[in-house]
Amino acid sequence: MKALQASGTWRPRPGYSPDEREKKDNRASMGNNLFYQPSLEMVDIPKPEPKDDEVLIKVGGAAVCGSDTMFLGKDDEDYLQYCGHCKLPVVIGHEFSGEIVKTGKKVKNFKEGDLIVAETMNWCGECAACRAGLVNQCENLEEIGFTLDGGYAEYLVAKEKFCFHVEALVSVYKTKERALEVAAMVEPTAVAYNGMFVRGGGFLPGGNVAIFGAGPIGLSATSLAKAAGAAKIITFEKEPLRMKLAREVGADYVFDPDELYSAGISPSEKVMDLTGGIGVEMAVEATHDQSETIPEIEQMIAVGGTIAQIGISPKRTPIMSTYLQKKGVNYHCSIGSSGHDIWPHVIRLIASGRIDPSRFLTKCYHLDEAKEAIEAAERLEGGKFVVTPNW
């Protein structure tokens, strides 16, 4: 079968000492420390066979994530740009949906023909983190699309315990194909949900919310804030197309921070003006530029407010903790989307029409065009791009 595979040589960057798990099976907790001379190529590999507790999925949609763009090139020292957990070679693509075409003999809750999505973060359920309920911090974590073969392929396998039905979306989007294209966007929506409502604890209806970044996570966060009853949703983004999308999915105000600065106004000043000096009860950080956003969030966050840190950056974030302490601010850091009944809640929100990720699904590509789709995402040419390997 055809698949888009990332490869590279496991070679510690000078000055980096791999930990025991990294050395055991040549994986990387941060790929940019260990994978040298990476490449991303379309390959022919055998169609996978499901184990007893797995299902074989004919991929319907595989959505492009910003992390996927980090597999396109390499840094000045010829190392992988992606700074997250990975094990190469691997078929990338961690936001996916599909139709079950075969089940393992121990699978009980799914059958051939079922339409499903599956959690990316495959947690063990036995380590200290999992036993504490922090499944996204699993010490033995495997990740579809990073350490296990993912969705930029005609088929993939997933364990039954991580799968969820999405047949309910067909009645919303009218065809199986369109339902699966949108279902591929459950994962990024679940990432935002985890940061805002599980890790962050949510906000009371009527609270003000600021969202930094209108990429797929920021747009998902905007949709969720609207559905959760935010009074004012203020989104900050620099790309005009994404600014437009933010308005379409529910933002009451959308600003380009650079334009505000040019006018002699800071984002925090604008927020305090719009909220009558109250500030925002929740600030969602969904960018790679925390050095720009966090100082502003410190000034605009309301007393007792919550910062949901979802965006990931390889650089250190400057924080003036005194500002946060004086306001009694809760700073919650989040990664991943698994556990806590997040995925069923997101699926129900979409099926009920409370949120509609299709509003920022910009374009679908065939598998042969997967690199083109990732390049379009890297150029920020839209909201979300989805690869459809089988149509």
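How far is the sulfur of cysteine 127 from the closest cysteine sulfur, and in which residue is that sulfur found? Keep this question in mind as you look through the close-up views below, all taken from a predicted model.

**Figure 1. Cysteines without a bond.** The closest cysteine sulfur to that of cysteine 127 belongs to cysteine 130 and is 3.7 Å away, which is too far for a bond. A disulfide needs two cysteine sulfur atoms within 2.5 Å, so the 3.7 Å between cysteine 127 and cysteine 130 does not qualify. A second view shows cysteine 138, which is in no disulfide either. Its nearest cysteine sulfur is that of cysteine 124, 3.7 Å away. Looking across the whole structure, you will find zero disulfides. Are these two cysteines, 127 and 138, buried or exposed? Cysteine 127 counts as buried, at 7% relative accessibility, and cysteine 138 is buried too, with a relative accessible area of 8%.

**Figure 2. The second largest pocket and its lining.** This view looks at a pocket with a volume of about 410 Å³. Its lining is made up of 24 residues, and the closest to the pocket centre are Lys51, Glu54, Leu148, Val157 and Lys159. Which strand gives the most to this lining? Strand β9, covering residues 155–159, does so with five residues. If you sort the lining of this pocket by class, you get 15 nonpolar, three polar and six charged residues.

**Figure 3. The largest nonpolar core.** Here you see a core of 49 residues, in which Val166, Met196, Ala225 and Val284 have the most contacts. Several helices and strands each supply at least two residues of this core, among them β6 (115–118), α5 (176–183), α6 (186–199), α7 (216–227) and β14 (280–285). Zoom in on methionine 196 to meet its partners: beyond residues up to four places away in sequence, methionine 196 touches Gly201, Gly202, Phe203, Ala221, Leu224, Ala225, Met282, Val284 and Ala308. Another core lies apart from this one, with 33 residues that include Leu40, Tyr82, Val91 and Ile92.

**Figure 4. Helix α13, a mostly covered helix.** How many of the ten residues of α13 are buried? Seven of them are, and you can pick them out as Ile342, Trp343, Pro344, Val346, Ile347, Leu349 and Ile350. These buried residues pack against β6, β10 (163–165), α4 (170–173), α6 and α7. Follow the chain just past α13 and you reach glycine 353, with a positive phi of about 85°. On the other side, in the loop between β16 (330–333) and α13, sits aspartate 341. Phi of aspartate 341 is near 60°, a positive value in a residue other than glycine. Aspartate 341 counts as partly exposed, at 43% relative accessibility.

**Figure 5. Threonine 222 inside helix α7.** Threonine 222 has its place in helix α7. Its relative accessible area is 0%, so threonine 222 is buried. Which residues does threonine 222 touch, if we skip those up to four places away in sequence? They are Ile211, Ile233, Thr235, Ala246, Val249, Gly250 and Ala251.

**Figure 6. Isoleucine 310 and its contacts.** Find isoleucine 310 in the loop between β15 (301–309) and α12 (321–327). At 8% relative accessibility, isoleucine 310 counts as buried. Although isoleucine 310 and cysteine 333 are 23 residues apart in sequence, they are 6.5 Å apart in space, C-alpha to C-alpha. Setting aside neighbours within four places in sequence, isoleucine 310 is in contact with Val191, Ala192, Gly195, Ile217, Val284, Glu285 and Ser334.

**Figure 7. Two spots to check along the backbone.** What kind of peptide bond joins leucine 88 and proline 89? The bond is cis, with an omega of about 5°. You can find proline 89 in the loop between α2 (66–69) and β4 (90–91). The second spot is glutamine 37, in strand β2 (residues 35–44). Glutamine 37 is not a glycine, yet it has a positive phi of about 50°. With a relative accessible area of 42%, glutamine 37 is partly exposed.

Notes. Residues are numbered from 1 along each chain as its sequence is written. This is a predicted model: local features need pLDDT of at least 70, side-chain atom pairs count only at pLDDT 80 or more; totals for chains, interfaces and linings use all residues. Side-chain values use heavy atoms; hydrogens and water are left out. On a 1 Å grid over the protein atoms alone, a cavity is a set of points where a 1.4 Å probe fits but cannot get out, and a pocket is an open set with protein on both sides within 12 Å along at least five of seven lines; lining residues have an atom within 4 Å of a point. Grid points are joined across faces, edges and corners, and a volume is the space filled by probe spheres set on the points. Helices (H or I, at least four residues) and strands (E, at least two) are DSSP runs, numbered from the N terminus. Ala, Val, Leu, Ile, Met, Phe, Trp, Tyr, Cys and Pro count as nonpolar, Asp, Glu, Lys and Arg as charged, and the others, Gly among them, as polar. Buried means under 20% relative accessible area, exposed over 50%, partly exposed in between (1.4 Å probe, protein chains only). A nonpolar core is a set of buried Ala, Val, Leu, Ile, Met, Phe, Trp, Tyr and Cys residues joined through side-chain atoms within 4.5 Å. Contact means heavy atoms within 4.5 Å.
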